[in-house]
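Thank you all for coming. I would like to walk through one structure this morning, going from element to element, so please keep the picture in view while I talk.

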Amino acid sequence: MPQDVLQQTYDAIVVGSGATGGWAAKRLSEAGLKVALLEAGRAVTAREFTEHIPSYQLKYRNHSPEIVRTRPIQRQCYACMEYNYEWFVNDLENPYSTPPDRPFTWQRLRVLGGRSLVWGRHSYRLSDVDFKAASRDGYDVDWPFSYPDLAPYYDVVERYVGISGAAERNEMLPDGQYLPPMKMSCGEVRLRESIQKKFGRTLTMGRVAILTQPHNGRAPCHYCGPCERGCMTFSYFSSPFTTVKDAVKTGNCTLITDAIVRHVDMNTGSNKAQGVTFVQRTTKETKQIRGKVVVMCAQALESTRILLNSSTREYPKGLANSSGLLGHYLMDHVVGGGASATFDDMKALPTANPPHRPTGIYLVRFRNTPATGKHPHFIRGYGFQGDSMPVFNFNAPGIGKDYKQAVKTGAYSITLGAFGESLASFDNFCEIDPNLRDAWGIPALRISMAHGKNEAAMMRDAGVTAAEMLEATGAKNIRVTTGVEMPGMAIHEVGTARMGNDPKKSVLNTFCQSHDVSNLLVTDGSGFVSSACQNPTLTMMAITVRACDHLVERFRRNEI
Amino acid sequence: MRIFGHEAAHSSPRPSSSALFNRRDLIRTALFAGAASVFGPEFSLAQAVSSGLTAAAKGEDGSTLLTDPNWRAAFLNDHQNETLIVLSDVIIPGTDTPGAKEALVNRYLDLLLSVQPAEFQRKFVDALAYIDAESQKQFGKDFRGLGADDQIWLLTPWAFARQPSHWTARNDTRNEAADLGQQHFELLKALIATAYYESEIGQKELGWDGEFTHGPYEGCEHPTAAHT
């Protein structure tokens, strides 16, 4: 890296290059600010995508012992494969601890683009039923802004990213700016029609950040299937090939990869952040970079870790932590409830040939809504993701020719899996483990989280309602699951630096700006006040754009 | 009935936690159950800083190992290897399409076993040995030496779900020895099926024509209530 990169003072230092960091870099550099974008991992190129490599060309066909050895936690993620495991962190180099009875799986990537390379791509708006949930049911507090405050930023993000989906006019899931939706299978249409009629519930095609028509110079999906291994046509949204590319193109953004941020540097006299200290990943040299503003986009747990590691005499419990709440209110959607079944009267046969639709259906939350009223056993609610299609029956009974035929005849399957709201609780938190450091000597996290009774009741209900809906649609062989998976499995960690209007009860203000340090922002999922039940990335991106536009205004007004 | 979704066609971007497994789940469950915590006493900071490209990202074709003319087993002994070839061919024979033997299922499983924990290797070897022991008991010969009809005769009761006796249904009359045989057989069958259907021959058996695109997914085009 040329030394002069580190000699200048940037207007903004953005830490993290994933979904939110990419947006921060794009928005700020396009507004004319000089930006340094720091990424802890290496750069990524389209040449290393593997979506068109058949699994039999993998030495271990996706059962590599190297993943077992170096990624014992990461491999719990559905997207961590022999194809792409090097994108995921090496668990041996990146430890964290948990209390023995409170397991948590922290699944993450360190590479340009971060988790946007492998994310699930479902993109849903939150509504005022979510932002003002506390006012309705009395649990915890409302968000510091309302849906109309965020809606214009949802528009900006959706128009740029390209979300395929359908408008449904359901108050629990506000409609947005959509490209044409992907198509539903027969089984999915059957379920949609049946539950609309019998339960008044809405099933829609997944609203996903995958193009169904040319958009912003990117080609539509070619339906090969496994987006998490990359996409030669850039048809799903990932930051390196969109927002980060735009930011660098302005000439105002300097991208620095392999920069593992250790802490934020403070000017104690002025109570301002003045840059960050990072460790160069390969040489392990310590370096500093200066900026007028620091924008944390490293994802909730990592941004929080950096702030907790940035304590000063003035902020002994961690930077921006005069409230004592930094690290607390960790949330991750509860998953585990649902059901699966078969449509025995549907005769379509499975095939290994494409097209493989790279997404599924979404069943909109129907519990504790203004229309359905209060549920007796839990507050808040859940939505379902799932799909229905002919599948091969590899577990068919028998042997020989008949078994081969039974595999190919398969079955027409349908499955629904819930994503439920995780209630914000002070007792779910992360802190620095005094006895644990990563391979670069940076103190590591101790994460302590467990889902509670409300989440358990919700997953039980999800099993019950999924079974009811499948039965009412004529499905057979219904099997129900009502368990609660360990936190982290949804990979939707949010909430560790909550937003709010009261500096004693929150870490960030409504524009993701630290109450304590005015030129420090955290715009990833850390600021979430509640988790709602919708996939969070779209909201994180909208919040980032709102925060960055406000920051640009402050620059223009000379307030920085 | 369990159903295993074809991995490439498994359209859910996020697997639900339902009991609908794909093959990856199957083999993961079989191989890695109870894996130790990463932060056990063996934990130490890695000195080398990794982060390169996977073999797949570098474009390396790992399948050529199996077709090497000088192939030698890395884990199985000759008898076990021969038994596995014969067993896999009974479970998934060549018909109008090639079977497990042509797909070199034994070679892939040998490679996979060679890097598994000892506990799992033992489970596999025990399962093969159990089938030989039953064969000895019934016929006085090892399984690989039986005629095709006798091989099928031996395996078939293990290949279907068992039910309580028609006559004394209220009592649990299941035969423990039969159940143990079934457990061993199901492990072997699941691994053989996985190895077969993940091979190129197996993918073609499932209809794959070698192309990665065939236009967009068209979905349901039926009028209401006429879905097939």
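Let me begin with helix α9 of chain A, whose buried residues pack against β1 (9-15), β7 (259-267), β9 (286-296), β14 (429-437), β15 (443-448) and β17 (520-522) of chain A. Before going further I should say that this is a predicted model. Helix α9(A) covers residues 300-308, and since nine of its nine residues are buried, it is largely enclosed by the rest of the structure. Among those buried residues are E302(A) and R305(A), alongside A300(A), L301(A), I306(A), L307(A) and L308(A).

From there I move to the sheet. In what order do the six strands of the open sheet in chain A run? The order is β5-β11-β12-β13-β10-β16, with antiparallel pairing. At the edges are β5 (203-205) and β16 of chain A, each of which pairs on one side only, and from one strand to the next the twist averages 20°.

Within this sheet I would like to dwell on strand β13(A), residues 411-420, which is largely enclosed by the rest of the structure, because ten of its ten residues are buried. A411(A), S413(A), T415(A), G417(A) and F419(A) point one way from the strand, while Y412(A), I414(A), L416(A), A418(A) and G420(A) point the other way, and the residues of both groups are buried.

As for the partners of β13(A), strand β12(A), residues 382-391, pairs with it in the antiparallel sense over ten bridges, and strand β10(A), residues 334-342, pairs with it, also in the antiparallel sense, over seven bridges. Which residue of β13(A) is the bridge partner of D387(A)? It is T415(A), and T415(A) is also the bridge partner of S340(A).

Going on to β11(A), residues 361-363, we find three bridges joining this strand to β12(A), and the two run antiparallel; here the bridge partner of I361(A) in β12(A) is G386(A). Two helices are to be placed against these strands. Helix α11(A), residues 453-472, packs on the sheet, where it touches β10, β12, β13 and β16 of chain A, and its direction makes about 15° with that of β10(A). Helix α7(A), for its part, lies across β5, β11, β12 and β13 of chain A and runs at about 140° to β12(A).

Let me turn to a pair of helices in chain A, α2(A), residues 19-30, and α12(A), residues 537-556, which pack at an angle of about 30° with their axes 9 Å apart. With angles under 35 degrees counting as roughly parallel, α2(A) and α12(A) are therefore roughly parallel to each other, and their crossing is right-handed. The contact involves A19(A), T20(A), W23(A), A24(A), R27(A) and L28(A) of α2(A), and on the side of α12(A) it includes M540(A), M541(A), T544(A), V545(A) and C548(A). By class, this contact has nine nonpolar, three polar and two charged residues.

Now to the two chains together. How many residues of chain A are in contact with chain B? There are 98, and they meet 79 residues of chain B. On the side of chain A that touches chain B, the elements that give two or more residues are α3, α7 (186-199), β10, β12, α10 (400-409), β13 and β16 (476-482) of chain A, and by class that side has 40 nonpolar, 37 polar and 21 charged residues.

I will finish with chain B, which has eight helices and two strands, running β-β-α-α-α-α-α-α-α-α from the N terminus on. Of its 228 residues, 35% are buried, and among its contacts with a separation of 6 or more, 57% come from residues 24 or more positions apart.

One helix pair in chain B deserves a mention as well: α3(B), residues 78-91, and α4(B), residues 105-114, pack at an angle of about 130°, with their axes 9 Å apart, which makes α3(B) oblique to α4(B). The crossing is right-handed, and the contact is made by N81(B), L84(B), I85(B) and S88(B) of α3(B) together with V105(B), N106(B), L109(B) and D110(B) of α4(B). By class, that contact has four nonpolar, three polar and one charged residues.

Technical notes: Residues are numbered from 1 along each chain as its sequence is written. Chains are lettered from A and ligands numbered from 1 in the order in which they are written. This is a predicted model: local features need pLDDT of at least 70, side-chain atom pairs count only at pLDDT 80 or more; totals for chains, interfaces and linings use all residues. A residue is buried if 20 or more other C-beta atoms lie within 10 Å of its own, exposed if 12 or fewer, and partly exposed in between; C-beta atoms are placed from the backbone. Helices (H or I, at least four residues) and strands (E, at least two) are DSSP runs, numbered from the N terminus. Two strands pair if DSSP finds at least two bridges between them. Two residues are in contact if their C-beta atoms, placed from the backbone, lie within 7 Å. Axes are lines fitted to C-alpha atoms, for helices over the stretch in contact, and angles run from 0 to 180 degrees between N-to-C directions. Angles under 35 degrees count as roughly parallel, over 145 as roughly antiparallel, 65 to 115 as roughly perpendicular and the rest as oblique. A crossing is left-handed if the near helix is turned anticlockwise from the far one by less than a right angle, and right-handed if clockwise. Ala, Val, Leu, Ile, Met, Phe, Trp, Tyr, Cys and Pro count as nonpolar, Asp, Glu, Lys and Arg as charged, and the others, Gly among them, as polar.
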